[in-house]
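Student: Could you walk me through one part of this protein in close detail, and then show me how the rest sits around that part? I'd like one connected account rather than a list.

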Amino acid sequence: KKMLRKFIIVGDFNLYGIGWASGNSRNSIEREFLNGFANLGLIQCINCATHKKGNTLDILLIKSINYLKNINVIDAERFCISDHFAITFVITEKISRKSRNKRRCYNYKKANWNYLNEDFECIDWDSVIDYHEPETAWLNFKTILFSRIDIHIPKFTINNEFQPPWFDSECYSKCKEKDKLHKLFKQKKNLDSELKFKTARREFKALIRAKMRANLEDHNRNTLTKKFWSYVKSSKNATRIPEVFL
């Protein structure tokens, strides 16, 4: 594996008990973090409060101070509504741009379900599954299943590397709703608009977490994705797996 010689770690570590000036803490877990940072040769660059309560929760770790310049902690709510303060810095190192990764995804809307079902009906499933160990039977079933799916369900290419596969139209709509309420709150600055914005932001975060979990569960190609069965359910008005797949 390629070793990273130059890297930057930044984020909310929530290590509120550490005195960064002394480099010590009364909390044993926080001391483990400090020991880990020291063993990796990391320098912590933030020495002022990054939270409204006066704690340094958001930290910036680097191997060499020469990587960065103009490190600043911005005033509260200058960029957004938060109890944390934003950290800005300039990276002085030259960074090569990562090549764009294209993804191939199934286009279920253009699937030829009739031909797919006909193919499945012509397969002697008893010979595929019976008289085999469970692992072998599953491998045979999976191989045939996906070979037919690849034939009858076309794929399309996603070029945008900044859009994760789980960020779908539902996420996009909820994000637009949140941004709209945020803009309205900045204009009116009253309690009602603030509550509406915070509610939308909370719902958006919950939706994102749910989508990410579902994507992780579906990432293994050994199983049919939830998106696949969702499409089958919506198009067939059914709540069970079609008999042809059993």
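Tutor: Here is a close look at strand β3, followed by its surroundings and then some other parts of the chain.

Keep in mind that this is a predicted model. To get your bearings, the protein has seven helices and seven strands. Reading from the N terminus, the order is β-α-β-β-β-β-β-α-α-α-β-α-α-α. There are 246 residues, and 28% of them are buried.

Now for the strand itself. β3 covers residues 58–62, and five of the five are buried, so the strand is largely enclosed by the rest of the structure. Its side chains split two ways: D58, L60 and I62 point to one side, while I59 and L61 point to the other, and all are buried.

What pairs with it? β3 belongs to an open sheet of three strands, ordered β1-β3-β2 with antiparallel pairing. β1 and β2 take the edges with a single partner strand each, so one side of each has no neighbour in the sheet. On the β1 side (residues 8–12), five bridges hold the antiparallel pair together. Two of the facing positions are easy to find: G11 sits opposite I59 of β3, and I9 sits opposite L61. On the β2 side (residues 43–44), the pairing with β3 is also antiparallel, with two bridges. There, Q44 has L61 of β3 as its bridge partner. So if you click on L61, you'll find I9 opposite and Q44 as a bridge partner.

The strand also has a helix against it. The buried residues of α1 pack against β3. α1 runs over residues 28–39, and its 12 residues reach 16 Å from first C-alpha to last, close to the 16 Å expected at 1.5 Å a residue. The buried ones are E30, L34 and F37. They cover an arc of only 60° around the axis, which puts them on the same side of α1. On the other side of this helix, I29, E32 and N39 are exposed.

Next, the nonpolar cores. The largest one has 15 residues, and those with the most contacts inside it are Y106, W113, F120, I123, W125, I149 and I153. Three helices each supply at least two residues of this core: α2 (113–121), α3 (125–129) and α4 (134–152). α4 gives the most, with five residues. Apart from that core lies another, of eight residues, and this one brings us back to our strand: its members include L15, L34, I59 and L61. L34 is one of the buried residues of α1, while I59 and L61 point the same way from β3.

While you're looking at α4, have a look at H152, which is found in that helix. H152 is buried, with a relative accessible area of 14%. Leaving out residues up to four places away in sequence, H152 touches A111, N112, Y115, L116 and D119.

For a spot that is less covered, go to E93, in the loop between β5 (87–91) and β6 (103–106). E93 is partly exposed, at 30% relative accessible area. Setting aside neighbours within four places in sequence, E93 is in contact with K6, N66 and Y67. E93 and L68 are 25 residues apart in sequence, yet their C-alpha atoms are 7.7 Å apart in space.

Helix α5 is worth a look too. Its 20 residues (169–188) should span 28 Å at 1.5 Å a residue, and the end C-alpha atoms are 29 Å apart, which agrees. Buried along α5 are C171, K174, C175, K178, L181, H182 and F185. Seen down the axis, they fall within an arc of 130°, so they line one face of the helix. The other side of α5 has S169, K176, K180, K183, Q187 and K188 exposed. Just past the end of α5, K189 takes a positive phi of about 55°.

Finally, zoom out to the whole chain. Counting contacts with a separation of 6 or more, 61% are between residues 24 or more positions apart. The protein exposes about 17900 Å², and carbon and sulfur atoms supply 52% of that.

Key
Residues are numbered from 1 along each chain as its sequence is written. This is a predicted model: local features need pLDDT of at least 70, side-chain atom pairs count only at pLDDT 80 or more; totals for chains, interfaces and linings use all residues. Side-chain values use heavy atoms; hydrogens and water are left out. Helices (H or I, at least four residues) and strands (E, at least two) are DSSP runs, numbered from the N terminus. Buried means under 20% relative accessible area, exposed over 50%, partly exposed in between (1.4 Å probe, protein chains only). Contact means heavy atoms within 4.5 Å. Accessible areas come from the Shrake-Rupley method with a 1.4 Å probe; for residues, only the protein chains shown count as cover. A nonpolar core is a set of buried Ala, Val, Leu, Ile, Met, Phe, Trp, Tyr and Cys residues joined through side-chain atoms within 4.5 Å. The expected span of a helix is 1.5 Å times one less than its number of residues. The arc is that of the directions from the helix axis to the C-beta atoms. Two strands pair if DSSP finds at least two bridges between them.
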